[in-house]
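This text walks through a single protein chain, beginning with its overall layout and ending with its open and enclosed spaces. Keep the sequence and the model in view while reading.

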Amino acid sequence: MALLNANPVVYETHNNIGRMETDADFDDNVADPIDSEEVYELIASISDPEHPLTLEQLNVTQLEHITVDDDRSRVLVEFTPTIPHCSMATLIGLCIRVRLLRSLPERFKVDIRVRKGTHQSENAVNKQLNDKERVAAALENKHLLEVVNQCLATAGLRPSA
């Protein structure tokens, strides 16, 4: 099968994004709010479905395009496909959604979107990614769920620069 984007640009990873740990981080009596850096850490290492690279290495996910409102329990992740006609955009968004649904507290409403102007079918992709019934149906497909799980298998293991 021919790759749609056979030679993607590979970007340098940012292994030093993590924040400094404090005593409060280890105190169970102190509320630990979720922030955009934590969400970025969860999704940056997701493997691209088409290449042996992470979403961070392909610049699909960027810290600046993640918005977290911990008080209102809302997360917005905007991602950028590597090419405007990327047929993997929906699958990438589904991987991001599943990773966050498995990792964040249930109270969070998660919105996943293709960044405006970065995909020729952004409205259709965004509609699919944020429709509960479509997401549930996609995850009932054994083959599709297997692909999602493969992309998530390395999540949390940050590549070295």
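The chain has 5 helices and 3 strands. In sequence order, these elements follow the pattern α-β-β-α-β-α-α-α. The model is a predicted one. Of the 161 residues in the chain, 43% are buried. Among contacts with a separation of 6 or more, 68% join residues that are 24 or more positions apart.

The packing of the helices can be followed from helix 2, which covers residues 89-103. How do the axes of helix 2 and helix 5 cross? The two axes come within 10 Å, and the crossing angle is roughly 70°. Angles from 65 to 115 degrees count as roughly perpendicular, and helix 2 and helix 5 are therefore roughly perpendicular to each other. On the side of helix 2, the contact involves L91, L94, C95, V98, R99 and R102. Helix 5, residues 142-152, brings L144, L145, V147, V148, N149, C151 and L152 to the contact. By class, the residues of this contact are 10 nonpolar, 1 polar and 2 charged.

Helix 2 also meets helix 4. Here the axes come within 12 Å and cross at roughly 95°, which makes helix 2 roughly perpendicular to helix 4. L94, R97 and V98 of helix 2 make this contact with V135, A138 and L139 of helix 4. The residues in the contact of helix 2 with helix 4 comprise 5 nonpolar, no polar and 1 charged. L94 and V98 appear in the contact with helix 5 and again in the contact with helix 4.

Helix 3 spans residues 122-129 and includes V125. Is V125 buried or exposed? Buried means under 20% relative accessible area, so V125, at 5%, counts as buried. Setting aside neighbours within four places in sequence, V125 is in contact with A89, T90, V114 and H119. A89 and T90 fall in helix 2, residues 89-103, while V114 falls in strand 3, residues 109-114. Between the C-alpha atoms of V125 and I112 there are 9.6 Å in space, and the two residues are 13 apart in sequence.

The loops hold some further points of detail. T80 sits in the loop between strand 2 and helix 2. With a relative accessibility of 17%, T80 counts as buried. When residues up to four places away in sequence are not counted, T80 touches N59, V60, R115 and T118. T80 and K116 are 36 residues apart along the chain, and their C-alpha atoms are separated by 8.7 Å.

One of the residues that T80 touches is N59, found in the loop between helix 1 (36-43) and strand 1 (66-69). What is notable about the phi of N59? The angle is near 65°, a positive value in a residue other than glycine. Most residues other than glycine have a negative phi. N59 has a relative accessibility of 26% and so counts as partly exposed. S73, in the loop between strand 1 and strand 2 (74-79), likewise has a positive phi, near 60°, and is not a glycine. S73 is buried, with a relative accessible area of 13%.

The last topic is empty space in the model. The largest pocket contains about 230 Å³ of space. Which residues line the largest pocket? The lining consists of R97, L101, F108, K109, V110, D111, L129, N130, D131, K132, V135 and A136. Helix 2, strand 3 (109-114) and helix 4 (132-140) are the elements that give two or more residues to this lining. Sorted by class, the lining of the largest pocket has 6 nonpolar, 1 polar and 5 charged residues. Two of its residues, R97 and V135, also take part in the contact of helix 2 with helix 4.

How many cavities of 30 Å³ or more does the structure hold? There is 1. The largest cavity has a volume of about 40 Å³, and its lining is made up of D48, E50, H51, T82, C86, M88 and I92. These lining residues divide into 3 nonpolar, 2 polar and 2 charged. I92 falls within helix 2, residues 89-103, and is part of the lining of the largest cavity.

Terms used. Residues numbered from 1 in each chain as written. Predicted model: local features only at pLDDT ≥ 70, side-chain atom pairs only at ≥ 80, totals over all residues. Heavy atoms only, no water. 1 Å grid on protein atoms, 1.4 Å probe; cavity = no way out; pocket = protein on both sides within 12 Å on 5 of 7 lines; lining within 4 Å. Points joined across faces, edges and corners; volume = space filled by probe spheres on them. Nonpolar A, V, L, I, M, F, W, Y, C, P; charged D, E, K, R; others polar. Helix = DSSP H or I, 4+ residues; strand = E, 2+ residues; numbered from the N terminus. Buried < 20%, exposed > 50% of the residue type's maximum accessible area, 1.4 Å probe, protein only. Contact = heavy atoms within 4.5 Å. Axes fitted to C-alpha atoms, helices over the stretch in contact; angles between N-to-C directions. Parallel < 35°, antiparallel > 145°, perpendicular 65-115°, else oblique.
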